[in-house]
Amino acid sequence: MTGEPLAPKPVSAATRNVMQANKSKNTKPELKVRAALREAGFSGYRLHWKKAPGKPDICFPGRRVAIFVNGCFWHRCPHCGLSMPKSNVEFWEAKFARNRARDARDNALLVSGGWTVITIWECRLKKGRFDATMRELVREIRRAEELRAQGLRSGRLVEIGSAPAWRVRRERHRRRGRRG
């Protein structure tokens with residue numbers, strides 16, 4: 001028993017079914033990222049590796065890279081501005097606070113252990129953003145490899161897709177053949 005309060009009774013059977021259908025492993029966003037990593041030539045990763053704090057969704061132990069593919073609802077994405085559920089507000093506020101605290105703790109443990117911790121938000125994997133997100137992910141994995149090859153062992157925390165708007169626009173213009 002983890003000591004977490006029990007979830008409140010669902011408002012309806014439909015709500016109960018929706019909540020039970022939520023998976024914690026092998027979600028569609030995770031599967032998309034893994035397929036893109038294989039396509040980019042990055043294989044040999046571990047899934048939900050128990051030896052790393054927080055059991056990252058995708059883990060490259062040799063490269064010391066941990067990737068978390070966070071669902072916007074459960075981890076409270078800073079980009080989406082999601083509203084709070086209308087019923088059982090106290091339960092949800094506490095649940096989301098625990099999730100954020102756990103994420104911060106796991107990230108801090110990994111970074112202090114010399115890992116590059118990469119967070120990818122679910123919303124950054126939507127159509128129109130996916131390719132740019134994956135290019136940034138591949139760039140960060142290669143950067144982590146370069147830093148380790150140079151003997152730099154300090155950890156880093158990276159959020160994919162959080163580039164400033166001007167950089168996103170410049171990249172979009174460059175792809176279209178315009179000067180930005």
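Biologist: Hi! Is Arg63 buried, exposed or partly exposed?
Modeller: Arg63 is partly exposed, at a relative accessible area of 24%. Buried here means under 20% relative accessible area, exposed means over 50%, and partly exposed is in between, with a 1.4 Å probe and protein chains only. Keep in mind that this is a predicted model, where local features need pLDDT of at least 70 and side-chain atom pairs count only at pLDDT 80 or more, while totals for chains, interfaces and linings use all residues. Residues are numbered from 1 along each chain as its sequence is written, and side-chain values use heavy atoms, leaving out hydrogens and water.

Biologist: Thanks! Which residue forms a salt bridge with Arg63?
Modeller: That would be Glu145, with the closest N and O atoms 2.2 Å apart. A salt bridge is a side-chain nitrogen of Lys or Arg within 4 Å of a carboxyl oxygen of Asp or Glu.

Biologist: Where do Glu145 and Arg63 sit along the chain?
Modeller: Glu145 is in helix H5 and Arg63 in the loop between S2 and S3, so the pair links distant parts of the chain, 82 residues apart. Helices (H or I, at least four residues) and strands (E, at least two) are DSSP runs numbered from the N terminus. Glu145 is partly exposed too, at 28%.

Biologist: How many salt bridges are there by this rule?
Modeller: The count is 4. Among them is Glu140 with Arg156, whose closest N and O atoms are 3.0 Å apart. Glu140 lies in helix H5 and Arg156 in strand S5, so this pair ties together parts 16 residues apart in sequence.

Biologist: Are Glu140 and Arg156 buried or exposed?
Modeller: Glu140 is buried, with a relative accessible area of 13%, and Arg156 counts as buried at 15%.

Biologist: And what does Arg105 pair with?
Modeller: Arg105 forms a salt bridge with Asp106, the closest N and O atoms being 3.0 Å apart. Arg105 is partly exposed at 48%, whereas Asp106 is buried at 7%.

Biologist: New topic: which residues touch the most other members of the largest nonpolar core?
Modeller: Leu37 and Ile67 do, in a core of 21 residues. Such a core is a set of buried Ala, Val, Leu, Ile, Met, Phe, Trp, Tyr and Cys residues joined through side-chain atoms within 4.5 Å.

Biologist: Which elements supply at least two residues of this core?
Modeller: Helix H2 (28-39), strands S2 (58-60), S3 (65-70) and S4 (116-121), helix H5 (130-149) and strand S5 (156-160) each do so. H5 gives the largest share, 6 residues.

Biologist: What does Ile67 touch, leaving out residues up to four places away in sequence?
Modeller: Its contacts (heavy atoms within 4.5 Å) include Leu37, Pro56, Phe60, Ile118, Leu137 and Ile141. Apart from the largest core lies another one, of 8 residues, among them Ala52, Cys59, Leu110 and Trp115.

Biologist: What about Arg102, where does that lie?
Modeller: Arg102 is in helix H4, residues 89-112, and counts as partly exposed at 32%. The C-alpha atoms of Arg102 and Gly54 are 8.0 Å apart, though 48 residues separate the two along the chain.

Biologist: Zooming out, how many helices and strands are there?
Modeller: There are 6 helices and 5 strands, in the order α-α-β-β-β-α-α-β-α-β-α along the sequence. Of contacts between residues at least 6 apart in sequence, 61% join residues at least 24 apart.

Biologist: And what share of the protein is made up of buried residues?
Modeller: Of the 180 residues, 35% are buried.
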